[in-house]
Amino acid sequence: MAEISVLDPLLPSRVVHQFPLPSWVENLAIRSNGQILVTFSSAPEVFLVDPADPSKTVLIHKFPDVAGMAGIIEVEHDKFYVAGGNFDLSTLVNQTGSYKLWEVDMANFESDGKAVV
């Protein structure tokens, strides 16, 4: 039987940012500069959290016609795909045909403060 090992001492941890209740963080993607893109099952939004200054959390985009997000992945440097759709978090029932996929290009975000969606 495999032995389970525990790090000793445990690695340090800290809260980087806390979103208001009832937020349901769905997924994270880490940019090459260390900033974190956050998607929510509870809202059709993508936020940027900068661990160096969490007070500057930025709404990157609010997606139309969907209730929440279902994933994020970086497909090339600073270019991400996000999925979203309509589902009920209390029943976990999906609305057939409501899912969409968007490209979020963060390449010029530092210079102009906007993502191209």
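**Figure 1. Contacts between residues of the chain in a predicted model.** Take the contacts that link residues at least 6 apart in sequence: 36% of them join residues at least 24 apart. The model shown here is predicted.

**Figure 2. Order of helix and strands along the chain.** The chain holds nine strands and one helix. Read from the N terminus, the elements follow the order β-β-β-β-β-β-β-β-β-α. The C-alpha trace spans about 50 × 40 × 30 Å along its principal axes.

**Figure 3. Buried residues and the exposed area of the chain.** The chain has 117 residues, and 33% of these count as buried. About 7,800 Å² of the chain is exposed, and 57% of this area is supplied by carbon and sulfur atoms.

**Figure 4. A nonpolar patch on the surface.** Four residues, I73, V75, Y81 and L101, form the patch. Together they have about 380 Å² of accessible area.

**Figure 5. V75, a residue of the nonpolar patch.** V75 lies in strand 5, which covers residues 68–76. Is V75 to be called buried, partly exposed or exposed? V75 counts as partly exposed because its relative accessibility is 40%. The class "partly exposed" lies between buried, under 20% relative accessible area, and exposed, over 50%.

**Figure 6. Positive and negative charges of the chain.** The chain carries 7 positive and 15 negative charges. The mean position of the positive charges and that of the negative charges are 8 Å apart.

Note on methods. Residues are numbered from 1 along each chain as its sequence is written. This is a predicted model: local features need pLDDT of at least 70, side-chain atom pairs count only at pLDDT 80 or more; totals for chains, interfaces and linings use all residues. Side-chain values use heavy atoms; hydrogens and water are left out. Patches are made of residues with over 30% relative accessible area and no salt bridge: like charges are joined within 9 Å, nonpolar side chains (Val, Leu, Ile, Met, Phe, Trp, Tyr) within 5 Å. Accessible areas come from the Shrake-Rupley method with a 1.4 Å probe; for residues, only the protein chains shown count as cover. A salt bridge is a side-chain nitrogen of Lys or Arg within 4 Å of a carboxyl oxygen of Asp or Glu. Helices (H or I, at least four residues) and strands (E, at least two) are DSSP runs, numbered from the N terminus. Buried means under 20% relative accessible area, exposed over 50%, partly exposed in between (1.4 Å probe, protein chains only). Contact means heavy atoms within 4.5 Å. Lys and Arg count as positive and Asp and Glu as negative; His and the chain ends are not counted. The place of a charge is taken as NZ of Lys, CZ of Arg, CG of Asp or CD of Glu.
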